[in-house]
Amino acid sequence: MNAAPDPAASAQGVDAAPVTAPLGAPLSAPVTQDVHTIPRRLPEGGRPDLAGMTRDEMRAALLAAGTPEAQVKMRTGQLWQWVYHWGVRDFDAMTNLARDYRALLAAHFDIGRPELVTRQISADGTRKYLVRIAGGHEVEVVYIPEEDRGTLCVSSQVGCTLTCSFCHTGTQKLVRNLTAAEIVGQVMLVRDDLGEWPVPGAPRDETRLLSNVVLMGMGEPLYNFEAVRDAMRVVMDGEGIALSRRRITLSTSGVVPEIARAATEIGCHLAVSFHATTDAVRDVLVPINRKWNIAALLAALRDYPRLSNSERITFEYVMLDGVNDSDEDARRLVRLIRGIPAKINLIPFNEWPGAPYRRSPRDRIAAFADIIYKAGYASPVRTPRGEDIMAACGQLKSATERARRARAAPQGDAAGA
Ligand code: SAH
Ligand code: SF4
């Protein structure tokens, strides 16, 4: 198994867009740009897409399209609400804008969504969407309805640079990072599907179908930091989709140098893929541990609640039969995290074809949970959701690849692929 890659090298293989001008700007225009507002690549042959833009990008785009400087702040505010609060995609519906200005916008911009390839609905109501993004790449997005909430599991990369040995996504090489717009687009697409945009004039229903976002789909979010941060800022913006930062959870395998940044620049809830209580075992399960070991990870986690003003950290712990599930592991886990406000989320291993592990038996998981509970920590066991459509944690590669192979293969050939 390879050692974890250097963060600086994580951009390798990433589709680095050679765009240097604000969206919609003539290429000769003077450019002001910092790493936080790198304009997105224009859709090939198409117009820039307002859906997915940050406020800075939208402002720059409206200016470049001819909006007078004196009006651009107000126009950005109006467009922001149409796009992100009302979910409107038709410029003609933007009734507080003059007809001429609507025509100008329609001539310069699209309001789009990532392309939906397939949608599967599990017997338990879980919805899995296969979404196509620029370059023909595909990512999966999973919506999990529960009694008191609806959680959307979004992807941040196509594939993953890391190679956690129990994770199916980890067997797929990193293809590219998603842009902020592509991450926001996943949320907007699912709000479309759930019919969740407010209706003008109707009383606002505060019980949301899509009430929580977890960055637990494909990819390591902290290796695509700027895009994830910008996307979450759009999703959290109070004049748009307006999900509270407490309803967003970012899961990391342990990219230690980015954890403090996540606290101060995003401020959402943090989950960490802990999965082992000794460096020897974690080196194998989560190979990034060879770069930043358990002690380094715990040191970064201790600071997170204070820096982000959040309550506690979720420790994710996948239950692998005979590997990390002993009573001794449970006791060591409790000792290690002492002093960190925490919840421990036990995840029964979700098997995938060719996986080198088995799920711990039910009574082993219960005994492990009991030790943690008696030490004073909440220790919910995550119920696998959407297993019948391969939508559960760590299964998010196979269906994509199967679908791609089935489409690529001549009829009758798919089984041999
Ligand atoms: N890359 C990030 C987020 C995506 S994975 C991370 O590693 O944290 C979301 C969670 O699912 C992680 O805790 C991951 O370790 C876990 N996971 C991956 N494969 C799994 C599998 N086959 N069964 C159960 N959980 C799995
Ligand atoms: Fe990547 Fe997370 Fe899977 Fe590890 S568990 S390979 S970091 S997606």
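**Group meeting: a nine-stranded sheet and its helices**

Let us begin at one pair of residues: L152 has V213 in strand β7 as its bridge partner. What you see above is a predicted model, in which local features need pLDDT of at least 70, side-chain atom pairs count only at pLDDT 80 or more, and totals for chains, interfaces and linings use all residues. Residues are numbered from 1 along each chain as its sequence is written, while chains are lettered from A and ligands numbered from 1 in the order in which they are written.

The pair just named belongs to the contact between β4 (residues 150-153) and β7 (residues 212-215), two parallel strands joined by 3 bridges. I call two strands paired if DSSP finds at least two bridges between them. Strands (E, at least two residues) and helices (H or I, at least four) are DSSP runs, numbered from the N terminus.

On to the next strand. β7 also pairs with β8 (residues 248-252), again in the parallel sense, over 3 bridges. Here V214 has T249 in β8 as its bridge partner. Together with helix α5 (residues 225-236), β7 and β8 make a right-handed β-α-β unit. Right-handed here means that, with the strands pointing away from the viewer, the path from the first strand over the helix to the second runs clockwise.

Now the whole sheet. It is open, has 9 strands and mixed pairing, and follows the order β1-β2-β3-β4-β7-β8-β9-β10-β11. Its edge strands, each pairing on one side only, are β1 (115-121) and β11 (342-348). On average, neighbouring strands are turned by 20° against each other, direction ignored. For this and later angles, axes are lines fitted to C-alpha atoms, for helices over the stretch in contact, and angles run from 0 to 180 degrees between N-to-C directions.

Let us visit both edges. β1 pairs with β2 (residues 127-133) in the antiparallel sense over 6 bridges, and Q120 stands opposite K128 in β2. At the other edge, β11 runs parallel to β10 (residues 313-319), with 7 bridges between them; T314 stands opposite K343 in β11. From β10 the chain passes through α9 to β11 in a right-handed β-α-β crossover.

How do the helices pack? α4 (residues 180-194) and α5 pack at about 40°, with axes 8 Å apart, and they are therefore oblique to each other. Angles under 35 degrees count as roughly parallel, over 145 as roughly antiparallel, 65 to 115 as roughly perpendicular and the rest as oblique. α5 and α6 (residues 256-266) pack at about 20°, their axes 11 Å apart, which makes α5 roughly parallel to α6. The axes of α9 (residues 327-336) and α10 (residues 362-374) come within 9 Å and cross at roughly 30°; α9 and α10 are therefore roughly parallel.

The crossing is right-handed for α4 and α5, for α5 and α6, and for α9 and α10. A crossing is right-handed if the near helix is turned clockwise from the far one by less than a right angle, and left-handed if anticlockwise.

Finally, which residues surround ligand 2? They are C160, L162, C164, C167, T169, G170, G219, E220, S253 and S273, each with its C-beta atom, placed from the backbone, within 6 Å of the ligand. By class, this shell has 4 nonpolar, 5 polar and 1 charged residues. Ala, Val, Leu, Ile, Met, Phe, Trp, Tyr, Cys and Pro count as nonpolar, Asp, Glu, Lys and Arg as charged, and the others, Gly among them, as polar.
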